[in-house]
Amino acid sequence: MKNSIFISLEQMLVFMVSIFLLSSCNQVSEKETEIEDETTFVIKPEYFLLRPEVEKAYGYSHAVKIGNIIKISGAVSMGDAGNPTAIGDMEQQMKNCYADLQKILTHYGCTFDDVVKEDIFTTNMPKMLEVSGYRAEIYKNGFPTGSWLEVKALALPEFMVEIELEVHKSE
C-alpha cells in the first residue's frame, strides 16, 4: 500500500473545520444584505470659507466636513483682507488663530471639546512653549492629540504660528 494516503481522525477533523470556517466567512445572510442595500448613500463634502476672497486667491477651503469629520486648514493671525496681524507677538497671534478656529467650529455646531487632533506649526518653538499655557483656556476638558513642529517659514514672513484641527462632530 505504498500509494495509499492515510489521514488520522484528528487531521480529518481539522480539515473539515477549516472548510466550514472558510465557507461561513463568505456567506452573508439575507438580513445583512437588506441592511447593506438600505444604508448605501453618498456623503458629499461640505466646504466652508472663513474669508472667501482670501481663500479663493490662495486656492484652499478653510474647512471641509465629510460625515462626522471636519478638517480645518491652518489658521494664522490675519485680518479679513488677508493681512498679518499682531506682528511680532506670538501670544496674540496664537489667540487670533484660536478666535478664527472658534468661528469655524461654531459654524459646524462644534466646540473645542470636539477637536481630536491639533497640529501647531511655529517659526519659534521656544517662544511658542512660553505662551502655550493659553491652550488650557481653550481645551478645558482635555487636550487633543497632535504634533508641534518648528518650521523655517510659514505662508508670510510675519506669521509666527499656524494651527490646524481635525474635529469629530458628535451627532
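**Exercise 1. Determine whether S77 is buried or exposed, and describe its surroundings in this predicted model.**

Solution.

Step 1. With a relative accessible area of 0%, S77 is buried, since the cut-off for that class is under 20%.

Step 2. S77 belongs to the loop between β3 (69-75) and α4.

Step 3. Once residues up to four places away in sequence are set aside, S77 touches N83, P84, T85, A86, Q93, N96, C97 and F159.

Step 4. Two of the side-chain interactions of S77 are polar contacts: one with the side chain of T85 at 2.6 Å, and one with the side chain of N96 at 2.8 Å.

Step 5. A further distance relates S77 to M94: their C-alpha atoms lie 7.2 Å apart in space, with the two positions 17 residues apart in sequence counted as their separation.

**Exercise 2. State which backbone feature marks A86, and classify its accessibility.**

Solution.

Step 1. A86 has a positive phi of about 55°, although the residue is not a glycine.

Step 2. The loop between β3 and α4 holds A86, and S77 is found in that loop as well.

Step 3. The relative accessible area of A86 is 24%, so the residue is partly exposed.

Step 4. A86 is also among the residues that S77 touches.

**Exercise 3. Identify the partners of R51 and give the distances of its side-chain polar contacts.**

Solution.

Step 1. R51 is placed in the loop between β1 (46-48) and α3 (52-58).

Step 2. Its relative accessibility is 7%, and R51 therefore counts as buried.

Step 3. Leaving aside neighbours within four places in sequence, the contacts of R51 are M78, G79, D80 and D100.

Step 4. Two of these partners are joined to R51 by side-chain polar contacts: D100 at 2.8 Å and D80 at 3.5 Å.

**Exercise 4. Locate H62, classify its accessibility, and list its contacts.**

Solution.

Step 1. H62 sits in the loop between α3 and β2 (63-66).

Step 2. A relative accessibility of 2% places H62 in the buried class.

Step 3. Beyond its neighbours within four places in sequence, H62 is in contact with F48, L49, L50, E55, K71, I72, S73, G74, A75 and I104.

**Exercise 5. Find how many aromatic pairs the structure holds, and analyse the pair of Y98 and Y134.**

Solution.

Step 1. Searching the whole structure gives 6 aromatic pairs.

Step 2. In the pair formed by Y98 and Y134, the ring centres are 6.1 Å apart and the planes meet at 50°, an arrangement classed as tilted.

Step 3. Y98 lies in helix α4 (residues 90-107), whereas Y134 lies in the loop between α5 (125-131) and α6 (135-138), so the pair ties together parts 36 residues apart in sequence.

Step 4. Y98 counts as buried at 1% relative accessibility, and Y134 is buried with a relative accessible area of 18%.

Step 5. Y98 and Y134 belong to one aromatic cluster together with F112, Y139 and F143.

**Exercise 6. Characterise T111 by location, accessibility and distance relations.**

Solution.

Step 1. T111 is located in the loop between α4 and β4 (115-122).

Step 2. T111 is partly exposed, its relative accessible area being 39%.

Step 3. The side chain of T111 reaches the backbone nitrogen of D113 at 3.1 Å.

Step 4. T111 and K169 are 58 residues apart along the chain, and their C-alpha atoms are separated by 9.0 Å.

**Exercise 7. Describe the largest pocket by volume and lining.**

Solution.

Step 1. The volume of the largest pocket is about 200 Å³.

Step 2. Its lining comprises 13 residues, and Y60, G74, V76, M78 and A155 lie nearest the centre.

Step 3. By type, the lining divides into 7 nonpolar, 4 polar and 2 charged residues.

Step 4. Two residues of this lining appear in earlier solutions: M78 and G74 line the pocket, M78 is in contact with R51, and G74 is in contact with H62.

**Exercise 8. Summarise the overall organisation of the protein chain.**

Solution.

Step 1. The protein chain contains 6 helices and 6 strands.

Step 2. Read from the N terminus, the order of elements is α-α-β-α-β-β-α-β-α-α-β-β.

Step 3. Of its 171 residues, 31% count as buried.

Step 4. Among contacts between residues at least 6 apart in sequence, 69% join residues at least 24 apart.

Terms used. Residues are numbered from 1 along each chain as its sequence is written. This is a predicted model: local features need pLDDT of at least 70, side-chain atom pairs count only at pLDDT 80 or more; totals for chains, interfaces and linings use all residues. Side-chain values use heavy atoms; hydrogens and water are left out. On a 1 Å grid over the protein atoms alone, a cavity is a set of points where a 1.4 Å probe fits but cannot get out, and a pocket is an open set with protein on both sides within 12 Å along at least five of seven lines; lining residues have an atom within 4 Å of a point. Grid points are joined across faces, edges and corners, and a volume is the space filled by probe spheres set on the points. Ala, Val, Leu, Ile, Met, Phe, Trp, Tyr, Cys and Pro count as nonpolar, Asp, Glu, Lys and Arg as charged, and the others, Gly among them, as polar. Rings of Phe, Tyr and Trp (its six-membered ring) pair if their centres lie within 6.5 Å; planes under 30 degrees apart count as stacked, over 60 as edge-to-face and the rest as tilted. Helices (H or I, at least four residues) and strands (E, at least two) are DSSP runs, numbered from the N terminus. Buried means under 20% relative accessible area, exposed over 50%, partly exposed in between (1.4 Å probe, protein chains only). A polar contact is a pair of N or O atoms within 3.5 Å; within protein, one must be able to donate a hydrogen and the other to accept it, and residues adjacent in sequence count only if both atoms are side-chain atoms. Contact means heavy atoms within 4.5 Å.
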